[in-house]
Amino acid sequence: MSTTNHYQHIKSNKPVLGKARKLKDLMLKSDNRICADCGAPDPKWASANIGVFLCLKCGDVHRALGPDVSKVLSVTLDDWSDSDIDSMLEIGGNSYANSIYESFLPKDHPKPKMDSTMEYRTKFIRAKYETQDFLKPSLRITSKGSFDATNAVKSVTSSISSASGKHVADDTREFVGELNITVVRGIQLAVRDMLTSDPYVVLTLGEQKAQTTVKPSDLNPVWNEVLKISIPRNYGPLKLEVYDHDTFSADDIMGEAEIDLQPMITAVMAFGDPSRVGDMQIGRWFMTKDNALVKDSTVNVVSGKVKQEVHLKLQNVESGEMELELEWVPIP
């Protein structure tokens, strides 16, 4: 083989620049800046077939599982193939993968922390990925030799693709479902008038907007108002903004936050018909330093309906929190 041909052969195995950039962009998302298993900051490793970013300690445990369960690569030192990058992009990173692999994580079974022992870390990771104890039973793969970690995600993706009964992937006018969003209350909202504020809430998803009523002179308003938002096939985060109503001037912003809809929608599509089961947890949106959550937000089946309570700390403001409840409404 000539030097030129040998060089071309090696070059063909490396990802093209566009895909490498997409992998880098995926790494920079807030939920991917911590280890998927223990929450340690700035992970430098990844499981390409599972689709999660990992710290060194958790990466060592994953490596011990073998590449048929978890294919571990350095995000900075290893050469990534196109197929490895495609797998990571298809899964979407930590939040997406954890909403599947931890959808049945018991409340009394805590995840390891960055200072946990290797014994506990190993026990948890093996239960999560090897025996799949926290995965929806119908998605579990019992034969280790045929393990493919993207199967669960592909199952969810196909459910989303067929949710409307059509197959026009780029048609954002098609909706996969609806959300009834109960704006419950605000807590210690910021002062924008002399001693108080007249707050109201605006929710935005794409071109859709929904708004609560104004609560005059109230820094701890209780709304309990239901706003409806349709979820398109290609959706982003739900934006929440709180404003102070002014009669003679522009309304003042009183804080904002984003709600990641992926954990709920992933759980809904993976789980199926919730009316056939009892009350249980089926997903979770994890609190990190890069999102607005005050605490982890769980996705639960309650009386045959899928609901998610969300407690947010408002951003870019001196004070204020918001409590909401999301309820999934399937399209007939």
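The exercises below work through two sheets, one helix and one pocket of a predicted model.

Residues are numbered from 1 along each chain as its sequence is written, and side-chain values use heavy atoms, with hydrogens and water left out. Because the model is predicted, local features need pLDDT of at least 70 and side-chain atom pairs count only at pLDDT 80 or more, whereas totals for chains, interfaces and linings use all residues.

**Exercise 1. Establish the strand order of the sheet of 6 strands, and say which strands stand at its edges.**

Solution. Helices (H or I, at least four residues) and strands (E, at least two) are DSSP runs numbered from the N terminus, and two strands pair if DSSP finds at least two bridges between them. On that basis the sheet is open, with the order β7-β4-β13-β12-β11-β10 and antiparallel pairing. Since β7 (222–232) and β10 (280–285) each have a single partner strand, they stand at the edges, and one side of each is left without a neighbour in the sheet. From one strand to the next, the twist averages 25 degrees, where axes are lines fitted to C-alpha atoms (for helices over the stretch in contact) and angles run from 0 to 180 degrees between N-to-C directions.

**Exercise 2. Follow the bridges from β10 through β11 and β12 to β13.**

Solution. Start at β10, which pairs with β11 in the antiparallel sense over 5 bridges; here Gly283 has Val299 of β11 as its bridge partner. Next, β11 (residues 297–302) and β12 (residues 305–313) are joined, again antiparallel, by 4 bridges, with Val301 opposite Val306 and Val302 opposite Lys305. The hairpin of these two strands has 2 residues between them, and Ser303 takes a positive phi near 55 degrees. Finally, β12 and β13 run antiparallel and are joined by 7 bridges, Glu309 having Glu325 in β13 as its partner.

**Exercise 3. Place helix α8 relative to the strands.**

Solution. Helix α8 (residues 262–271) lies across β4 (175–187), β7, β10, β11, β12 and β13 (321–329), contact meaning heavy atoms within 4.5 Å. The helix runs at about 145 degrees to β10.

**Exercise 4. Describe the sheet of 3 strands in the same terms.**

Solution. This open sheet has the order β2-β1-β3 with antiparallel pairing. Its edge strands, β2 (52–54) and β3 (72–74), each pair on one side only, and neighbouring strands are turned by 35 degrees against each other on average, direction ignored. Between β1 (residues 45–47) and β2 there are 3 bridges, and Ser47 stands opposite Val52.

**Exercise 5. Characterise the second largest pocket by its volume and lining.**

Solution. On a 1 Å grid over the protein atoms alone, a pocket is an open set of points where a 1.4 Å probe fits, with protein on both sides within 12 Å along at least five of seven lines, and lining residues have an atom within 4 Å of a point. The pocket holds about 510 Å³ of space, a volume being the space filled by probe spheres set on the points, which are joined across faces, edges and corners. Of its 23 lining residues, Lys111, Pro112, Phe286, Met287 and Asp296 are the closest to the centre. Helix α5 (residues 94–101) gives the most to the lining, with 3 residues. At least three lining residues come from each of domain 1 (19–135) and domain 2 (175–330), the bounds coming from an automatic or database domain assignment. The lining divides into 10 nonpolar, 6 polar and 7 charged residues, where Ala, Val, Leu, Ile, Met, Phe, Trp, Tyr, Cys and Pro count as nonpolar, Asp, Glu, Lys and Arg as charged, and the others, Gly among them, as polar.
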